[in-house]
2 protein chains.
Amino acid sequence: MDLSLQQLKGFVAVAEEQHFGRAAERLSMTQPPLTRQIQGLERSLAVSLFDRTGRGVRLTAAGAVFLEHCRRMLALLEIAPEATRRAADGQTGTLRIAFTAIGAYAVLADFLTMVGRRTPAVTAELMELVSPDQFEALAGLKVDLGLVRPPIPEQFESLLVHSEDLVLAVPAGHPLAVGDGPVSLSEVTDDYIGYSPEGSRYLHDICAAMVGMNRYAVSQLASQVPTMLALVRAGLGCALIPRSIMAMRVQGVSYRELDSADAHSVTLHACWSPDNPNPALQRLVESLQQNPQLDA
Amino acid sequence: MDLSLQQLKGFVAVAEEQHFGRAAERLSMTQPPLTRQIQGLERSLAVSLFDRTGRGVRLTAAGAVFLEHCRRMLALLEIAPEATRRAADGQTGTLRIAFTAIGAYAVLADFLTMVGRRTPAVTAELMELVSPDQFEALAGLKVDLGLVRPPIPEQFESLLVHSEDLVLAVPAGHPLAVGDGPVSLSEVTDDYIGYSPEGSRYLHDICAAMVGMNRYAVSQLASQVPTMLALVRAGLGCALIPRSIMAMRVQGVSYRELDSADAHSVTLHACWSPDNPNPALQRLVESLQQNPQLDA
DNA sequence: ATCGATCGATACCGTGAGGGCATCGCGTGG
DNA sequence: CCACGCGATGCCCTCACGGTATCGATCGAT
């Protein structure tokens, strides 16, 4: 093994002091072993680093070059432990965050802002995944945090991030497309476009309960909201969609609010594995437990 | 003393192999001391770098950060010896080159080109100094190479870089200002502007010999050629200047060539101290001794 | 020229950090 | 439940490295 850090530190000290005795004192050691350190260094580099002029020593040109390298290395060595500790307690690091297409419209921006406030030096890595894939990624530690809809498997911890009610999306030519006030689900006489029980189990179940299983299952099924809007637009039926999607203005689709009697809220949760060792996640979770206000 | 290079290398090996046994093998050692190295590392950092999962190990987030730092350090460590050796044999480094104002016009560009060809990765640092200051700087190792005029003190080595003859500079209104062919020094009836015997000993002596000491000493003395041209322009007399200065077109000054009988060449030499330990200089000198052709 | 001071190099000795061998504890897979 | 694999631990030994004493050379002062 050639080149030890002690040799490098010794070399830097001698180079700066231009004097073995003073350098040894600075290093809290005596001069002879320091001399040997430098000799060993020069031997393993096969290069003279100092001109011994009887009266003190002077760096050679090669020594000056080596000194620069040593300074860079020692500077890195200096900051490495602190940087590592910051990463260990989650002050720095990377959070891999997954989200659903729906979540992206409603809350992703605010959520990222909140994360940025709580863990300022942490980098967020984003990935769009449907909820089932998110749970798999969370379990496999491919992702640190997911924005998902219920039901959330018991193995995960979660926090309610957003709650909103459902509104009715109707095709442009539909009788309910004109008008302004709330409508009742009983006014909808034609088919619903339903959520896929596999891809969007949560919305499927809620909507099925709202309109009655018998009427709900008759039309197309879709798992992603943009697909549903396309189907509504094509006149295939009405759909129940989260209110925040209204911000997504789609040509040929009108929205109507529901009677308070029929209104039903759907939720979006931040979700993580308690086994996840990512300190940045742990720090964020800790912060959330102390103050669950999302705008704090 | 915390953190040894062995620990860092051991850590990188384990991080890359995700396995203490294989890492130890790669490092040509056995597993137990490697385990202790990592333990010591984690203890001095006060950070867990690996998750021990019974089945192999996995880097923590902090470990990943530390790994990056280690890689950077070890990469520096890898290249440092080679860079130092290159500096030691003069392949890289800095050459501090001094030149006179005169030299700058005539040969500096070609000279730097030649240096660049012979020592491609060497940086040149330039400085304008009059010849006596150059010798002092060369002796004090403040400068590696000087472009000077004779006489050159015996302690230095030198190489003829440029030789040119002198031409006559006359004021615009002077009788000799018109005409094209060579003139004889005997046609000059008025005063000469002479070189200072201190600042430009060489040119002073040559010019004095050319025109005769008695006639030479009568007018102004200047040490720098631009000053002389200003004096000529002011009509204070004629001057003998190196031919290369003709390239410097000065309003109100005309140049006449001298009869071959009167022509006299002046030389410029590259000059260095044989004691100078700068390897870049040594390499250049070596190259010059093998092939003194300046355009090679 | 000589002597003394200063500074780096060398000789020798002792200790402890670090590596090897043997073994343990534990978690996993057959 | 057993056997295997892997990291952790205990013990021993060696040698690398630091300390003390001293040498040798160079430079400055007398």
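A polar contact here is a pair of N or O atoms within 3.5 Å, and that cut-off is the one to keep in mind for Thr35(B), where a polar side-chain atom lies 3.3 Å from a phosphate oxygen of DNA strand D. Everything in these legends comes from a predicted model.

**View 1. Chain B laid on chain A.**
Here's how the two copies sit. A turn of 180°, plus a shift of 0.1 Å along the axis, lays chain B on chain A with an RMSD of 0.2 Å. The copies are thus related as by a two-fold rotation axis. If you're looking for that axis in chain B, go to Met73(B): its C-alpha is the nearest one to the axis, 2.7 Å away. As for the interface, 100% of the chain B residues in it are also interface residues in chain A, so the copies meet through the same surface.

**View 2. Protein residues around DNA strand C.**
Strand C has 21 residues around it, and the closest are Thr35(A), Gln39(A), Arg52(A), Gln6(B) and Arg36(B). Two of the contacts in this view go to phosphate. Gln39(A) puts a polar side-chain atom 2.8 Å from a phosphate oxygen of strand C, and Arg52(A) also has a polar side-chain atom 2.8 Å from a phosphate oxygen of that strand. Arg36(B) goes for a base: an N or O atom in its side chain is 2.8 Å from a base oxygen of strand C. Two or more residues of the surface near this strand come from each of helix 2 (20-26) and helix 3 (31-45) of chain A, and from helix 3 (31-45) of chain B. Helix 3 of chain A gives the most, with five residues.

**View 3. What strand C shows to the protein, and what the protein shows back.**
Take the atoms of DNA strand C that lie within 4 Å of the protein: 60% belong to sugar or phosphate, and the rest belong to bases. On the protein side, the surface near strand C divides into six nonpolar, 10 polar and five charged residues.

**View 4. Protein residues around DNA strand D.**
Now for the other strand. Of the 21 residues around strand D, the ones that come nearest are Gln6(A), Gln31(B), Thr35(B), Gln39(B) and Arg52(B). Gln6(A) has a polar side-chain atom 2.7 Å from a phosphate oxygen of strand D. Arg52(B) likewise has a polar side-chain atom 2.7 Å from a phosphate oxygen of strand D. Helix 3 of chain A, together with helix 2 (20-26) and helix 3 of chain B, are the elements that give two or more residues to this surface. The largest share, five residues, comes from helix 3 of chain B. Sort the residues of the surface by class and you get six nonpolar, 10 polar and five charged. Of the strand D atoms within 4 Å of the protein, 61% are sugar or phosphate, with the rest in bases.

**View 5. Phe11(B) against Phe50(B).**
Over all chains, the count comes to eight aromatic pairs. The one shown is Phe11(B) with Phe50(B), a tilted pair with 5.5 Å centre to centre and 50° between the planes. It ties together distant parts of the chain, 39 residues apart: Phe11(B) sits in helix 1 (residues 5-17) of chain B, and Phe50(B) in strand 1 (residues 50-52) of chain B. Are these two rings buried or exposed? Buried means under 20% relative accessible area, so Phe11(B), at 0%, is buried, and Phe50(B), at 3%, counts as buried too. Over in chain A, Phe11(A), Phe20(A), Phe50(A) and Phe66(A) form one aromatic cluster.

**View 6. Gln7(B) on helix 1.**
Gln7(B) has its place in helix 1 of chain B. With a relative accessibility of 13%, Gln7(B) counts as buried. Leave out residues up to four places away in sequence, and Gln7(B) touches Gln37(B), Gly40(B) and Leu41(B).

**View 7. Helix 7 of chain A, mostly covered.**
This helix runs over residues 201-211, and eight of its 11 residues are buried. Which ones are buried? They are Tyr202(A), Leu203(A), His204(A), Ile206(A), Cys207(A), Ala208(A), Met210(A) and Val211(A). Just after the helix comes Gly212(A), which has a positive phi, near 95°.

Definitions and conventions:
Residues are numbered from 1 along each chain as its sequence is written. Chains are lettered from A and ligands numbered from 1 in the order in which they are written. This is a predicted model: local features need pLDDT of at least 70, side-chain atom pairs count only at pLDDT 80 or more; totals for chains, interfaces and linings use all residues. Side-chain values use heavy atoms; hydrogens and water are left out. Copies are superposed by least squares on the C-alpha atoms of residues with pLDDT of at least 70 in both. Contact means heavy atoms within 4.5 Å. Rings of Phe, Tyr and Trp (its six-membered ring) pair if their centres lie within 6.5 Å; planes under 30 degrees apart count as stacked, over 60 as edge-to-face and the rest as tilted. Helices (H or I, at least four residues) and strands (E, at least two) are DSSP runs, numbered from the N terminus. Buried means under 20% relative accessible area, exposed over 50%, partly exposed in between (1.4 Å probe, protein chains only). A residue is near a molecule or strand if one of its heavy atoms lies within 4 Å of it. A polar contact is a pair of N or O atoms within 3.5 Å; within protein, one must be able to donate a hydrogen and the other to accept it, and residues adjacent in sequence count only if both atoms are side-chain atoms. Ala, Val, Leu, Ile, Met, Phe, Trp, Tyr, Cys and Pro count as nonpolar, Asp, Glu, Lys and Arg as charged, and the others, Gly among them, as polar.
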